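Work through the following exercises with the sequence and the structure side by side, and try each task before reading its solution.

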Amino acid sequence: MPGYELSLIMKALQGPALKDAVKRSLSLILENGGIIRKIEYLGEKRLPYRIRIHNENFLVGRYFVVDFHAPTRILPVMQDYFRRDIDLIRPAIFRTETEATPAGSCEGAYQDIYQPKAAKNRRFKREVQKGLEDIKL
């Protein structure tokens, strides 16, 4: 499953109302087979500009960042749900980079450049052994 980062700006709700709004938004991920890795609350901040949504003007919001893994099929469902949720001011979903896998041996037309053939290795080994025999202490 690919990794995503969800950035949420919620209304400046207090106490249980804020907790319920966040649970409602994040339960959508869990119900559709996603895994929430980390939830980060960034606090209540003044918005950079006035945002008008659901026939209301907002100047202050509560910021959340959620790191999660989910199948790609739930992204349209999430976007549709977030568009209708009246407690969300601005949701944004970003795909995060996955960890790089270690590179294996090079395969292809130039394989002998990257992985010397066994005959070259044997010849080199014989030359080294012969050189060591010549050295007498």
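**Exercise 1.** Find which residue of S3 stands opposite Lys45, and then describe how the two strands concerned are paired and joined.

*Solution.* In this predicted model, begin at Lys45, which stands opposite Gly61 in S3. Next, take Arg52, whose bridge partner in S3 is Asn57. Then widen the view to the whole strands: S2 covers residues 35-53 and S3 covers residues 56-69, and they pair in the antiparallel sense over 13 bridges. Finally, look at the hairpin that S2 and S3 form, where two residues lie between the strands.

**Exercise 2.** Examine His54 and Asn55 in the loop between S2 and S3, and decide for each whether the residue is buried, partly exposed or exposed.

*Solution.* Start with the backbone: His54 has a positive phi of about 55 degrees, although this residue is not a glycine. Asn55 is likewise a residue other than glycine with a positive phi, in this case near 60 degrees. Now turn to accessibility, for which the cut-offs are under 20% for buried and over 50% for exposed, with partly exposed in between. His54 has a relative accessibility of 29%, and therefore counts as partly exposed. Asn55 has a relative accessible area of 70%, so this residue is exposed.

**Exercise 3.** Write down the order of the strands in the sheet, and explain why S2 and S4 each have one side without a neighbour in the sheet.

*Solution.* First trace the open sheet, which has four strands in the order S2-S3-S1-S4, with antiparallel pairing. Reading that order from end to end, one finds S2 and S4 (88-95) at the edges, and because each has a single partner strand, one side of each is left without a neighbour in the sheet. As a last step, note the twist, which averages 20 degrees from one strand to the next.

**Exercise 4.** Determine which strands H1 and H2 lie across, and work out how the two helices are arranged relative to each other.

*Solution.* Take the helices in turn. H1, made of residues 15-31, lies across S1 (3-10), S2, S3 and S4, and runs at about 155 degrees to S1. H2, made of residues 75-84, lies across S1, S3 and S4, and runs at about 165 degrees to S4.

Two packed helices are described by the angle between their axes and the distance between the axes. For H1 and H2 the angle is about 165 degrees, and the axes are 10 Å apart. Since angles over 145 degrees count as roughly antiparallel, H1 and H2 are therefore roughly antiparallel to each other. Their crossing is right-handed.

The contact is made by Arg24, Ser25, Leu28 and Ile29 on the side of H1, and by Val77, Met78, Tyr81 and Phe82 on the side of H2. Sorted by character, the residues of this contact divide into six nonpolar, one polar and one charged.

**Exercise 5.** Locate Ala70, decide whether this residue is buried or exposed, and list the residues that it touches beyond four places away in sequence.

*Solution.* Ala70 is placed in the loop between S3 and H2. With a relative accessibility of 0%, Ala70 counts as buried, because the cut-off for buried is under 20%. Leaving out residues up to four places away in sequence, Ala70 touches Met1, Pro2, Tyr4 and Gly34. To finish, compare positions along the chain with positions in space: Ala70 and Leu30 are 40 residues apart along the chain, and their C-alpha atoms are separated by 8.6 Å.

Technical notes. Residues are numbered from 1 along each chain as its sequence is written. This is a predicted model: local features need pLDDT of at least 70, side-chain atom pairs count only at pLDDT 80 or more; totals for chains, interfaces and linings use all residues. Side-chain values use heavy atoms; hydrogens and water are left out. Two strands pair if DSSP finds at least two bridges between them. Axes are lines fitted to C-alpha atoms, for helices over the stretch in contact, and angles run from 0 to 180 degrees between N-to-C directions. Contact means heavy atoms within 4.5 Å. Angles under 35 degrees count as roughly parallel, over 145 as roughly antiparallel, 65 to 115 as roughly perpendicular and the rest as oblique. A crossing is left-handed if the near helix is turned anticlockwise from the far one by less than a right angle, and right-handed if clockwise. Ala, Val, Leu, Ile, Met, Phe, Trp, Tyr, Cys and Pro count as nonpolar, Asp, Glu, Lys and Arg as charged, and the others, Gly among them, as polar. Buried means under 20% relative accessible area, exposed over 50%, partly exposed in between (1.4 Å probe, protein chains only).
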